[in-house]
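Reader: I'd like a close look at one part of this protein, with the rest sketched in around it. Could you walk me through it in plain bench language?

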Amino acid sequence: MKQSSRINVNLMKDYNKQLVLRTIQKHGPISRVEIANRIELSRPSVSEIVSILIEEQWIEEKPSEIKVRGRQPIPLDINKEKKVIVGLEIGAYATTVIVCNLKAEILYEIQIEMNTHKEPDQMIEYLGQQINSITQTYKEKEIGVLGIGVGMHGLVDTEKGKNIFAPNLGWRNVEIQTILENITQLKVLIDNDCNSAALAEMWFGQGKDESNFISVIVDYGVGASIINGGSIFKGAHHVTGQIGHVTIDPDGPLCSCGNYGCLETLTSEKAILKKVKRKLKMGETSHIINQKFNIEDLTIEDFYQAVNQGDELCLNIAEEIGRNLGLGFTILINLFGPKFIVLGGSLTQISDVLIPNIMRVIQLKVMGEEAKQTPIVTSALENDLYTIGAASLIVEDIFSLPNPNKRF
Ligand SMILES: [Zn+2]
């Protein structure tokens, strides 16, 4: 009996420590009194835990900004100097490696070209060696490297730490976690890039104060991740969130997944460029694009620029993309009832045109008056969404509570 009660006390202590640390990460700078009030823990207990966290270099005392008479409340915040995380976004042509602190401030960034002549295992080994030389500098300065988060497209088995299928690289069943852990001796976590981006929104972006929302990314592909009760809704079979492969038009174009008319075939960067080029080749006029470009040289950035300069042909296409995305968003809202949807990816560059058109379809088709008003917001993490997302896998691991249902 004695033995088991001691274990419970220790577990409780760990839980409370985690609770205090998580509160400071989410709400810092924050005083000891504010922490005690927020998590309903006694002030002496909070003070005791805070001392340990300061000693372990997780947090630090900050200078007080508010001048009040008497004893000043000392703000506490995450120590940004003593611990770092590595984020790895494995892309089709290049892998981006970042080192960031626990506040997701990027301290170092490098792009490593993907060598298509190397076997996937060799490529991962090579990335591991590169990470070792990058992290060496931090280790020499006695800065703790907490782990490596890996985000990549396609289907990923997070529990086994391997990718199942990455269509743009042609990789199947690569034991990414095991290979990287063996080389770097660091903790490695891997997930689909949509899921990791949603974690970035939850910890550092639009979802910071919300535990039920959906993150949708539209760029070379289209995917969603559902944050439910402060955690990613995983479902079974590794397919959850594949909104890009829901059929919107059965007579539509052939998709990379083998089906026809998936949302992705109507709204991805590739789909957009195909549509613009086709219209131009068929003699439709676009003042801006015709003046500047050879049709075949057209890039997605040119398209975004044309939309934002009011080019009619491109505006019409952007509006249609918005309406098609609206059909996909309607499915997500009717199924999961999120508080809001965060739109990320390169298409956010034309969100001023997309969002009113998405909203028009949502208001027409979603059930229930309140749900029809579900806000669509744009990600604030811009180009860093995927890399911060990868690093957020480690953040989530460090700051999550033992019982995922208990959130605050
Ligand atoms: Zn598809």
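Reader: Let's take the metal site: what geometry does the site of the zinc ion have, going by the angles among its four donor atoms?

Author: Keep in mind that this is a predicted model. The site of the zinc ion is tetrahedral, and the angles among the four donor atoms run from 103 to 126°. Tetrahedral here asks for all angles to lie between 85 and 135 degrees, so the site qualifies.

Who holds the metal? The protein donors are H245 through ND1, plus C255, C257 and C262, each through SG. They sit 2.0 to 2.4 Å from the zinc ion. If you want to spot them in the sequence, look for the spacing H-x9-C-x1-C-x4-C. Take H245 and C257 as a pair: they are 12 residues apart, and both belong to the loop between β13 (231-232) and α7 (263-267). Neither of these two is buried: H245 has 25% relative accessibility and counts as partly exposed, and C257 is partly exposed as well, with a relative accessible area of 39%.

Now for the strand ahead of that loop. β13 belongs to an open sheet of five strands, ordered β13-β12-β11-β14-β15, with mixed pairing. β13 and β15 (376-378) are the edge strands, so each one pairs on one side only. The partner of β13 is β12 (residues 222-228), and the two run antiparallel over two bridges. In one of the contacts to look for, N228 has S231 of β13 as its bridge partner.

Stepping back, the chain splits into domain 1 (2-78), domain 2 (83-202 + 387-399) and domain 3 (209-379). The centres of domain 1 and domain 3, taken over C-alpha atoms, are 43 Å apart.

For something away from the metal, try helix α5 (residues 176-184). Its buried residues are I176, Q177, I179, L180 and T184. Those residues are on the same side of α5, because they cover an arc of only 170° around the axis. In an α-helix there are 3.6 residues a turn, so residues three or four places apart point the same way. The cover over the buried residues of α5 includes the helix α4 (120-140) and the strands β3 (83-90), β6 (144-152), β8 (162-166), β9 (171-174) and β10 (188-192). Just after α5 comes Q185, which takes a positive phi of about 60°.

Methods. Residues are numbered from 1 along each chain as its sequence is written. This is a predicted model: local features need pLDDT of at least 70, side-chain atom pairs count only at pLDDT 80 or more; totals for chains, interfaces and linings use all residues. Side-chain values use heavy atoms; hydrogens and water are left out. Domain bounds come from an automatic or database domain assignment. Donors are N, O and S atoms within 2.8 Å of the metal (3.2 Å for Na, K and Ca); water is not among the atoms, so sites may look incomplete. Four donors count as tetrahedral if all angles lie between 85 and 135 degrees; four count as square planar and six as octahedral if opposite donors are over 155 degrees apart and all others between 65 and 115; anything else is irregular. Helices (H or I, at least four residues) and strands (E, at least two) are DSSP runs, numbered from the N terminus. Buried means under 20% relative accessible area, exposed over 50%, partly exposed in between (1.4 Å probe, protein chains only). The arc is that of the directions from the helix axis to the C-beta atoms. Contact means heavy atoms within 4.5 Å.
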